[in-house]
Each structure stands twice: as C-alpha cells, then as structure tokens.
Amino acid sequence: MDNKTVALGVSRAILNGHWTELDSLLAEDFTYTGDGMVFNKDQYIGFMQDLKTAMANMKMEFTHVLAEDDMVSIRFITTAKNIGKFMGAPASNKEVTVNGILMRKIKDGKVAQEWQTTDLLGLMTQMGFGTLFGYAVGVGLFKTKSPSPVRKFA
C-alpha cells in the first residue's frame, strides 16, 4: 500500500468502526498529539471509539490529501449528529460539522505518529452554549482533565 492509502485507511477504519483494521494500521509504538492531548495506540483507539459512540451518521470528506516522503497531510470535514457525551460535554442531539487537518507519519507501512488540529471551538459552539461554557469553565478555570480514553474492544 502507498502512504496515502495507509493514512486514509486509518480515517476510513475509524469512520466504519473497523477497530481490528485500525489496530493493524497503527504501529505498536504509535503516538497521537493533537488539540492539547497526547495518546498512545490504545488510548487513541479508545478515544475514537468514544467519538463513534457520541456521533451518529458520521461522514468524512477528505478535501486535500498531500504526501511527501513518509508524511501524509489530510484536510477533512466531518459531519455527524451528537447523540452522546463527548470530551466531557453532554449530548446535544444537534447536527455538527467539524473541520481539521492532520498529519500522519508512515513507517514500514503503518502509521507511526499523528498530529492533528481540529476546530474544537467551532464544534463546542455548534453543540450549544451550555456545552461550550461547561467545557471552557472545566478546562480553562478549573484545569479539569478528562481521564485517558480506554480501548473498549479489539
């Protein structure tokens, strides 16, 4: 598989809830750094499982995919309906659109590292003022940290 295929394969496995496939696409020492969070492989999979549980009818559009050597950059637009608790915020039952950019480093046919930036302010704003306010107070004022995500199943 070429690097673009591997990098996009991670997003598609998440989108389709194919956790075994996702596991096989990530290096054992995989690390994720993004939006103020740092995860190892199991935490990343757990976070993505939480995301899929909280967002129904999730769709992703990959508007730009650029590859150079071992790096692949992907600009994405995700749409979904927020039906469950996510990042400490309660379900809003609202349709949301999330924009972001990620970079994935490919090594030996697997994703070894990912860096991501997502428009979290835009997401929280779409989910509602209460969600945005609660998240801002918890994280900003009280420096509340959510527990690390845990992988639920393979």
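What pattern does the chain follow when you read along the sequence? The answer is α-α-β-β-α-β-β-β-β-α-α, which adds up to 5 helices and 6 strands. Here helices (H or I, at least four residues) and strands (E, at least two) are DSSP runs, numbered from the N terminus. Keep in mind that this is a predicted model, where local features need pLDDT of at least 70, side-chain atom pairs count only at pLDDT 80 or more, and totals for chains, interfaces and linings use all residues. Residues are numbered from 1 along each chain as its sequence is written, and side-chain values use heavy atoms, with hydrogens and water left out.

**The whole chain**

- Of the 154 residues, 42% are buried (under 20% relative accessible area; exposed is over 50%, partly exposed is in between, with a 1.4 Å probe and protein chains only).
- Take the contacts (heavy atoms within 4.5 Å) with a separation of 6 or more: 59% of them link residues 24 or more positions apart.
- The chain's accessible surface is about 8300 Å², and carbon and sulfur atoms own 57% of that. This area comes from the Shrake-Rupley method with a 1.4 Å probe.

**Helix α3**

- Helix α3 covers residues 41-54, and its end C-alpha atoms sit 20 Å apart. That agrees with the expected 20 Å for 14 residues at 1.5 Å a residue (the expected span is 1.5 Å times one less than the number of residues).
- Since 10 of its 14 residues are buried, α3 is largely enclosed by the rest of the structure. Among the buried ones are Lys41, Tyr44, Phe47 and Leu51.
- At the start of α3, a side-chain oxygen of Asn40 comes to within 3.1 Å of the backbone nitrogen of Asp42.

**The core**

- In soluble globular proteins, nonpolar side chains tend to be buried together.
- The largest nonpolar core (buried Ala, Val, Leu, Ile, Met, Phe, Trp, Tyr and Cys residues joined through side-chain atoms within 4.5 Å) has 39 residues. Helix α1 (residues 3-16) gives the most to this core, with 7 residues.
- Tyr44 is one of the residues with the most contacts inside that core. Setting aside neighbours within four places in sequence, Tyr44 touches residues including Val10, Leu22, Leu26, Arg104 and Glu114.

**Leu66, out in the open**

- Leu66 belongs to strand β3 (residues 55-68), and it counts as exposed because its relative accessibility is 59%.
- Not counting residues up to four places away in sequence, Leu66 touches Lys4, Met71, Val72 and Ser73.
- Lys4 and Leu66 are 62 residues apart along the chain, yet their C-alpha atoms are separated by 7.8 Å.

Conventions: A polar contact is a pair of N or O atoms within 3.5 Å; within protein, one must be able to donate a hydrogen and the other to accept it, and residues adjacent in sequence count only if both atoms are side-chain atoms.
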